[in-house]
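Welcome to this guided tour. Please have your viewer open and your selection tool ready, and we will go from stop to stop together.

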Amino acid sequence: MRDKTTLVLIGVVVALVVVASTWVIVERQREAGAPPAGGGACSTAFFYEYGASWCPYCRSLHEFFSSKYPNQHFFCAIDVYKACDDGFTKFATEVTGSGSIPQTLVLVNRTHVLAVVIGAVTEEGFWASISCAQPSARVPVYYGTRLLGYLDLNTTDHSSFIEKYVVPP
């Protein structure tokens, strides 16, 4: 009987160690900005997409965002809304230097820019890793999933950048 009790106690201790270790790992990943389990976007992320209704790549990305991140996405159709066209023209000319569509700004709390992505990337893990990053003065710019370079924004520049280049939904 004593051996059975000892085995049960060892099993309980092992289970507690596993649970505690898992909790510590998950908490450290969350603090480091790692994507949540399941690959979804962080809850404060917002995907602002410049595109056109006639563009198949834009529609594909819009459908992807709508299905994976409902209520975290806005499609600014440059062929439908003049304000979107004007905003995109200014953004493409002054920031990315590319008139290619779609172009997506990944925002956090709609106050900081986490990344700019040129192209129709539909890999959930890619968007999750970007959307869970911490705001930084160096904002990555991607062409597809390939890093092109960085925009240098100090902390106060994020709000003025968003105000200048993001047409309110």
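How many helices and strands does the secondary structure of the protein come to? Colour by secondary structure and you should find five helices and six strands. Keep in mind as you look around that this is a predicted model.

**The whole chain**

Trace the chain from the N terminus, and the elements run α-β-α-β-α-β-β-α-β-β-α. Now switch on a surface: about 9800 Å² is exposed, and carbon and sulfur atoms supply 59% of that area. Of the 169 residues in the protein, 39% are buried. If you draw a contact map, take the contacts between residues at least 6 apart in sequence; 62% of these join residues at least 24 apart.

**Into the core**

Next, hide the surface and select Tyr48, Tyr50, Phe91, Leu105, Val113 and Phe161. These residues have the most contacts inside the largest nonpolar core, which has 29 residues. At least two residues of this core come from each of strand S1 (45-51), S2, H3, S3, S4, strand S5 (138-143) and helix H5 (157-165). Which element gives the largest share of this core? That is H3, with five residues.

Stay here and centre on Leu105. Leaving aside neighbours within four places in sequence, Leu105 is in contact with several aromatic residues, namely Phe46, Phe47, Tyr48, Tyr50, Phe91 and Phe161. Ala115, Val116 and Val166 complete the list of its contacts. Apart from the core that you have just visited lies another one, of 16 residues, and Leu61, Ala115, Val121 and Trp127 are among them.

**A cis bond and a tyrosine**

Select Ile101 and Pro102 and show the backbone. The peptide bond that joins them is cis, with omega at about 0°. Pro102 sits in the loop that runs between helix H3 (82-96) and strand S3 (103-108).

From Pro102, move to Tyr57, which has its place in helix H2. Not counting residues up to four places away in sequence, Tyr57 touches Pro102 and Ala120. Is Tyr57 buried or exposed? Its relative accessibility is 57%, so Tyr57 counts as exposed. Try a distance label here too: the C-alpha atoms of Tyr57 and Gly119 are separated by 7.6 Å, although the two residues are 62 apart along the chain.

**A positive phi**

Now select Asn71, in the loop between helix H2 (56-68) and strand S2 (73-77). What is the phi of Asn71? Phi is near 70°, a positive value in a residue other than glycine. With 77% relative accessibility, Asn71 counts as exposed.

**Two polar side chains**

Go on to His112 in strand S4 (residues 112-118). A relative accessible area of 22% makes His112 partly exposed. Show side chains, and you can draw a polar contact of 3.0 Å between the side chains of His112 and Thr111. For a second label, connect the C-alpha atoms of His112 and Val139, which are separated by 9.6 Å and lie 27 residues apart along the chain.

The last stop is Ser131, in helix H4 (residues 124-131). Why does Ser131 count as buried? Its relative accessible area is 2%, and buried means under 20%. What does the side chain of Ser131 reach? Look for the backbone oxygen of Ala128, at 3.2 Å.

Definitions and conventions
Residues numbered from 1 in each chain as written. Predicted model: local features only at pLDDT ≥ 70, side-chain atom pairs only at ≥ 80, totals over all residues. Heavy atoms only, no water. Helix = DSSP H or I, 4+ residues; strand = E, 2+ residues; numbered from the N terminus. Buried < 20%, exposed > 50% of the residue type's maximum accessible area, 1.4 Å probe, protein only. Polar contact = N/O pair within 3.5 Å; in protein donor to acceptor, adjacent residues only side chain to side chain. Core = buried A, V, L, I, M, F, W, Y, C linked by side-chain atoms within 4.5 Å. Contact = heavy atoms within 4.5 Å. Areas by Shrake-Rupley, 256 points an atom, 1.4 Å probe, with all protein chains shown as cover.
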